[in-house]
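Please load the model in your viewer and keep the selection panel at hand. The stops below move from the whole chain to a single residue, then to a helix and finally to the ligand.

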Amino acid sequence: MHDGPGIITIAVIMNSGTDHPGKPAASPETRLEQVRQRIRDAEHRYERVPGSVRLLAVSKHVPASVLQQAMAGGQHCFGESYVQEALEKIALLDRTPPEWHFIGPVQSNKTRDIAEHFDWVHSVDRLKIARRLSEQRPPALPPLNVCLQINISGEQSKSGLSPGEVRKLADDIADLPRLRLRGLMALPARSRDFDAQFNVFCSVRDIFNDIVQHHPDMDTLSMGMSGDLEAAIAAGSTLIRIGTAIFGERGPR
Ligand SMILES: *Cc1c(COP(=O)(O)O)cnc(C)c1O
């Protein structure tokens with residue numbers, strides 16, 4: 001794996017999220033293609049295997065009709081942060097369902113809806129929640145894929161495990177029959193500085209590399225968003241979660 005960004009700086013972070021007044025907004029298909037190009041460029045630049053980084057389209061506050069456009073453009077997995085909003089879209093798109101990922105904070109009273117309607121949960125950070133998800137996962141469905149969320153920047157306001165808590169929860173979750181531990185998710189404090197972004201992502205990767213020795217089936221490092229996907233890919237991300245660069249700015253986040 002590439003061991004640092006060296007002297008390369010990312011000169012242009014595409015600002016496709018903000019449309020100029022008077023100009024028609026680019027379609028989700030066009031923006032998806034732009035994001036795919038950024039992924040290919042970063043994989044190449046940082047010596048990652050081509051195609052080793054998955055793109056999750058984060059569709060919170062985006063209507064089902066726009067998700068359909070994205071699906072026409074070849075996007076088949078979506079990330080949602082709010083259960084109620086997601087359930088409406090899941091019902092509307094049930095003819096040809098995409099893969100649904102839950103990426104928001106998980107409340108106890110929402111675990112049944114999540115266990116019944118999603119394929120993945122990226123934001124597990126408590127055993128109590130994990131147990132409920134496992135118990136409530138319908139027998140007819142495959143095990144629910146889960147990532148453990150790490151609070152890597154130590155922000156009080158954010159959910160997630162502290163780095164020292166990850167191993168214990170990973171061990172406990174591995175024993176739950178209806179969950180499949182896939183990896184780690186991080187949502188670092190926002191920074192515009194590539195080196196700062198890169199260093200934080202590397203510390204997440206180091207935790208992953210430690211835990212994967214005990215849980216060799218783990219294959220997912222969910223990190224990187226519209227403003228920092230290059231740094232995340234440089235540090236070893238396998239799944240980036242992109243909202244703004246595909247769907248534009250929208251509502252409170
Ligand atoms: C909204 C959100 C994203 C997408 O962020 P963008 O900056 O819009 O790409 C990714 N991950 C999580 C957990 C989010 O809530």
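Colour the whole chain by burial to begin with: in this predicted model, buried residues make up 52% of the 253 residues. Switching to a surface representation shows an accessible area of about 12,200 Å² for the chain, of which 51% belongs to carbon and sulfur atoms. In a cartoon view, the chain can be followed through nine helices and eight strands. If you draw the contacts with a separation of 6 or more, 60% of them are accounted for by residues 24 or more positions apart.

Next, select S59, which sits in the loop that runs between β1 (54–58) and α2 (64–72). Is S59 buried or exposed? Its relative accessible area is 0%, and S59 therefore counts as buried, the cut-off being under 20%. To see what surrounds S59, add L67, F78, G79, E80, E85, K89, F247 and R250, which are the residues it touches once those up to four places away in sequence are set aside. Add I246 as well and display the C-alpha atoms, since the pair S59 and I246 is separated by 8.9 Å in space although the two residues are 187 residues apart along the chain.

Now move to helix α7, residues 194–211, which has 18 residues and reaches 26 Å from its first C-alpha to its last, close to the 26 Å expected at 1.5 Å a residue. Within α7, select the buried residues, namely F194, Q197, F198, F201, C202, V204, R205, I207, F208 and I211. Looking along the helix axis helps in reading this list, because in an α-helix, with 3.6 residues a turn, residues three or four places apart point the same way. Then show the elements against which the buried residues of α7 pack: the strands β5 (144–150), β6 (179–186) and β7 (220–222), together with the helices α6 (166–174) and α8 (229–235).

The last stop is the ligand. Which of the 13 residues around the ligand come nearest? They are K60, S226, R241, G243 and T244, while the shell by class comprises five nonpolar, four polar and four charged residues. Three distances are worth displaying here. A polar side-chain atom of K60 lies 2.7 Å from an oxygen atom of the ligand, a side-chain N or O atom of R241 is 2.9 Å from a ligand nitrogen atom, and a backbone N or O atom of G243 lies 2.8 Å from a ligand oxygen atom. With the surface switched on again, note that the protein covers 93% of the 390 Å² of accessible area that the ligand has on its own.

How values were computed:
Residues are numbered from 1 along each chain as its sequence is written. This is a predicted model: local features need pLDDT of at least 70, side-chain atom pairs count only at pLDDT 80 or more; totals for chains, interfaces and linings use all residues. Side-chain values use heavy atoms; hydrogens and water are left out. Helices (H or I, at least four residues) and strands (E, at least two) are DSSP runs, numbered from the N terminus. Buried means under 20% relative accessible area, exposed over 50%, partly exposed in between (1.4 Å probe, protein chains only). Contact means heavy atoms within 4.5 Å. The expected span of a helix is 1.5 Å times one less than its number of residues. A residue is near a molecule or strand if one of its heavy atoms lies within 4 Å of it. A polar contact is a pair of N or O atoms within 3.5 Å; within protein, one must be able to donate a hydrogen and the other to accept it, and residues adjacent in sequence count only if both atoms are side-chain atoms. Accessible areas come from the Shrake-Rupley method with a 1.4 Å probe; for residues, only the protein chains shown count as cover. Ala, Val, Leu, Ile, Met, Phe, Trp, Tyr, Cys and Pro count as nonpolar, Asp, Glu, Lys and Arg as charged, and the others, Gly among them, as polar.
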